[in-house]
Amino acid sequence: MMPKRDVIAAVATAPGRGGIGVIRISGPDLAPFVAALAGRNAPPRQAVLATFRDAQDKPIDQGLLLYFPGPASFTGEDVIELHGHGGPVVMQLLLSRCLDLGARLAEPGEFTRRAFENGKLDLAQAEAVADLIDASTASAARSAVRSLQGDFSREIHVLNDELIELRALTEATLDFPEEEIDFLEAANAFPRLDALSERLTAIFAKARQGKLLQGGLHVVLVGQPNVGKSSLLNALAGDELAIVTPIAGTTRDVVRGTLQIEGIPLHVVDTAGLRETEDQVEQIGIARTWKAVEEADVVLLLTDAQHGITAAENAILARLPAHAIRLTVENKVDLTGQPAGLVTDPTGRCVRLSAKTGAGIAELRQELLDIAGWHPQEDVFIARERHLRALDEARQHVQLARQQAQLLPPPLELFAEELRLAQHALNTITGEFTADDLLGEIFGRFCIGK
């Protein structure tokens, strides 16, 4: 159990006007708060109609009061929720009354952090709370719910249990070096290590899918002026996000749009045409184009199908960052009579299409899914970059442990250390071994009141 701490309070509903607003309070022994706010006692875990009163016993609002005595609450402490009318002034009056009674304003994510520190959620589940709130697609929301319910954590605990059992057998054998080879055979070590590696690979694949659902794919459209970048953005989005004219240089700044493909958020950036220009405004737009390219997951180089790859396109290709995946798109096949679809050209894979007619757009969408490595699954759980790194680190340590076990004689001390490091990497996912500064960074990105 955590030591008793101060009482925190915050508005838990979104800013602005609404039919209902909620004040959330958490801390030790909140029964006096209930009496002071409502002028009466409240039965645990039952909604009661109450008049919320100020220090002079004058009514502030009327609504529902819910009292959850700890540890059977979200945070593991006593929790009060005041459900009143959702006007900003009313909410502030109620919050001020809570502060007058001795509460302090909660920091971002502090309610969820207390739930984590009191053992109500592990860290992966706590992060899933924020991911559920921030979900931009239905698929991302469903995956976040699976993580919040503990699907991801259970997968990690199964791996941990396997590592703990293998480590225990190893540690028990370290005092008997003459039996090391027999131990590895008796413990069925090699098949178990292979099974661990396979399971880590499978979980990594699910987590990578979840990372895509959470963060999406950042795609930047580049090319010479008037090759149809804005038309392609509009065709992908199904809306007129960018201005389209026959005049070269119409787009002078980056234009951003977000759409969905199979539930994956696709963040598409239309950019200024890349060319030499004396126009200062256009020069600023071109500089911003290259900045967007540096941050891209995928760069779509648009060309005019009437002339294909020229020296200008080759110059653009030469400047693209090495980390970005490149895909060539030949637009305006409606003017050349070429069939739309995926082809292979000297620069690699290429999609021929017409942003005007829509021919080839479906093939481009599918190619972007293939680039992302997306494979529809029902059991994907939401994940973050740090989860992927931890899973990859654990997989590497398991593979190193297997290499140690193959040596003759096998150095069991090093074998045991690799298993320990693998377990440590997995434990950072659920928060069993997590630095305070990382916790501050994670919970600091939550909204206040959650």
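Begin by selecting V219, L221, L232, L266, L300, L364 and L368, since these residues touch the most other members of the largest nonpolar core, which holds 34 residues. The model you have open is a predicted one. Helix α12 supplies the largest share of this core, namely six residues. Next, keep L364 highlighted and show its surroundings: leaving aside residues up to four places away in sequence, L364 touches L232, L236, L300, L327, V329, V351 and L353. Apart from this core lies another one, of 30 residues, and you can find it by selecting some of its members, among them L163, A207, L412 and L426.

Now go to E367, which lies in helix α12, the helix that spans residues 361–372. Is E367 buried or exposed? Its relative accessible area is 5%, and because the limit for a buried residue is under 20%, E367 counts as buried. Display the side chains of E367 and R349 together, and you will see a polar contact between them, at 2.7 Å. Residues up to four places away in sequence aside, E367 touches L327, L342, R349 and V351.

The tour now turns to aromatic rings, and the structure holds three aromatic pairs. Select F152 and F381, whose ring centres are 4.5 Å apart and whose planes stand at 15 degrees, so this pair is stacked. Follow the chain from each ring: F152 belongs to helix α6 (residues 151–173), while F381 sits in the loop between α12 and α13 (385–405), so the pair ties together parts that are 229 residues apart in sequence. Both F152 and F381 are buried.

Move on to F443 and F446, where the ring centres are 5.3 Å apart and the planes stand at 45 degrees, so this pair is tilted. F443 is buried, and F446 is buried as well. Add F116 to the selection, and you have one aromatic cluster formed by F116, F443 and F446.

Two further rings can be viewed together with a charged side chain. Select R24 and F111, and turn the view until you look along the ring: R24 lies over the face of F111, at 5.6 Å from the ring centre. Then select R395 and F204, where R395 lies over the face of F204, at 4.8 Å from the ring centre.

The last stops are in loops, and they concern the backbone. Most residues other than glycine have a negative phi, and most peptide bonds are trans. Select D29, in the loop between β2 (18–27) and α1 (31–38); although D29 is not a glycine, its phi is positive, near 55 degrees. Select R45 next, in the loop between α1 and β3 (48–53), where you will find another residue that is not a glycine and has a positive phi, of about 55 degrees. R45 has a relative accessibility of 47%, so it counts as partly exposed.

Finally, select G70 and P71 and look at the bond that joins them. Which form does the peptide bond from G70 to P71 take, cis or trans? The bond is cis, with omega near 5 degrees, and P71 is found in the loop between β4 (59–68) and β5 (78–86).

Notes. Residues are numbered from 1 along each chain as its sequence is written. This is a predicted model: local features need pLDDT of at least 70, side-chain atom pairs count only at pLDDT 80 or more; totals for chains, interfaces and linings use all residues. Side-chain values use heavy atoms; hydrogens and water are left out. Helices (H or I, at least four residues) and strands (E, at least two) are DSSP runs, numbered from the N terminus. Buried means under 20% relative accessible area, exposed over 50%, partly exposed in between (1.4 Å probe, protein chains only). A polar contact is a pair of N or O atoms within 3.5 Å; within protein, one must be able to donate a hydrogen and the other to accept it, and residues adjacent in sequence count only if both atoms are side-chain atoms. Contact means heavy atoms within 4.5 Å. Rings of Phe, Tyr and Trp (its six-membered ring) pair if their centres lie within 6.5 Å; planes under 30 degrees apart count as stacked, over 60 as edge-to-face and the rest as tilted. A charge sits over a ring if NZ of Lys or CZ of Arg is within 6 Å of the ring centre and within 35 degrees of the ring normal. A nonpolar core is a set of buried Ala, Val, Leu, Ile, Met, Phe, Trp, Tyr and Cys residues joined through side-chain atoms within 4.5 Å.
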